[in-house]
Amino acid sequence: MDKTMDSWLHFGKGDYLLFETWTPSSNGAIAGASIAIFAFGILHRSLAALRRSREDHWRTRTLALLSKLPARTLSSSTPDHAKSEGPIPPFIPSHDIPRGIIHAIQTAFSYILMLIVMTFNVAYIIPVILGLGVGEVLFGRIAQEANTHMMH
């Protein structure tokens with residue numbers, strides 16, 4: 001099939017959606033794809049909330065682990081900024097491997113949503129925006145740092 005993409009905002013049927021085989025060509029198919037995209041946007045924000053909550057948990061466990069270690073004395077030659085920031089947390093496989101996996105999945109979700117927006121089809125762009133917005137309403141407050149929720 002020799003199909004060219006429209007590089008301007010449009011409503012239309014027959015645009016490729018991620019795969020050549022996923023080409024919604026009827027109103028019902030576009031509506032179904034829009035619902036799936038909307039749900040995917042919500043899923044993206046829920047994954048971000050999961051990551052934030054796990055980061056809080058891992059930070060607490062790491063601090064507890066570090067508090068059990070003997071205190072290191074910093075030499076007088078250590079720069080002041082290094083003293084205030086503290087040591088780099090140790091590599092903890094049970095924290096760092098899941099963190100990397102969650103980050104990789106979250107990055108993949110972000111790129112998938114970006115590719116959907118790059119179809120320039122407004123019928124797909126609107127559900128991306130609405131899904132991310134609803135997902136933020138549902139999950140944005142989970143594991144937020146103090147005062148960051150009010151700063152948005």
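Which residues of helix 3 are buried? Keep that question in mind while you open this predicted model, and begin the tour by selecting residues 93-117, which make up helix 3.

**Helix 3 on its own**

Helix 3 has 25 residues, and the distance from its first C-alpha to its last is 36 Å, close to the 36 Å expected at 1.5 Å a residue. Within this selection, highlight H95, I102, Q106, F109, L113 and I116, which are the buried residues of helix 3. If you then bring back the rest of the chain, you will find that what covers these buried residues includes helix 1 and helix 4. An α-helix has 3.6 residues a turn, so residues three or four places apart point the same way.

**Towards helix 1**

Next, add residues 27-68, which form helix 1, and look at how its axis and that of helix 3 come within 10 Å and cross at roughly 160 degrees. An angle over 145 degrees counts as roughly antiparallel, and helix 1 and helix 3 are therefore roughly antiparallel to each other. The crossing in which helix 1 passes helix 3 is left-handed, and the residues of this contact divide into 14 nonpolar, 8 polar and 5 charged.

While both helices are shown, pick A108, whose place is in helix 3, together with H44. These two residues are 64 residues apart along the chain, yet their C-alpha atoms are separated by 9.7 Å. A108 counts as partly exposed, because its relative accessibility is 36%.

**Towards helix 4**

Now hide helix 1 and select residues 122-139, helix 4, which packs with helix 3 at an angle of about 145 degrees, the two axes lying 8 Å apart. To see the residues that meet here, show L113, I116 and V117 in helix 3 along with Y124, I125, V128 and L132 in helix 4. The residues of this contact divide into 7 nonpolar, no polar and no charged. Two residues on the helix 3 side, L113 and I116, are also among the buried residues highlighted earlier.

**Two backbone stops**

Between helix 3 and helix 4 there is a loop, and F120 has its place in it. Most residues other than glycine have a negative phi, whereas phi of F120 is near 65 degrees, a positive value. With a relative accessibility of 31%, F120 counts as partly exposed.

For the last stop, move to the segment before helix 1 and select L18, which is not a glycine but has a positive phi of about 75 degrees. L18 is partly exposed, with a relative accessible area of 37%.

Technical notes
Residues numbered from 1 in each chain as written. Predicted model: local features only at pLDDT ≥ 70, side-chain atom pairs only at ≥ 80, totals over all residues. Heavy atoms only, no water. Axes fitted to C-alpha atoms, helices over the stretch in contact; angles between N-to-C directions. Helix = DSSP H or I, 4+ residues; strand = E, 2+ residues; numbered from the N terminus. Contact = heavy atoms within 4.5 Å. Nonpolar A, V, L, I, M, F, W, Y, C, P; charged D, E, K, R; others polar. Parallel < 35°, antiparallel > 145°, perpendicular 65-115°, else oblique. Left-handed = near helix turned anticlockwise from the far one by under 90°. Expected span 1.5 Å × (residues − 1). Buried < 20%, exposed > 50% of the residue type's maximum accessible area, 1.4 Å probe, protein only.
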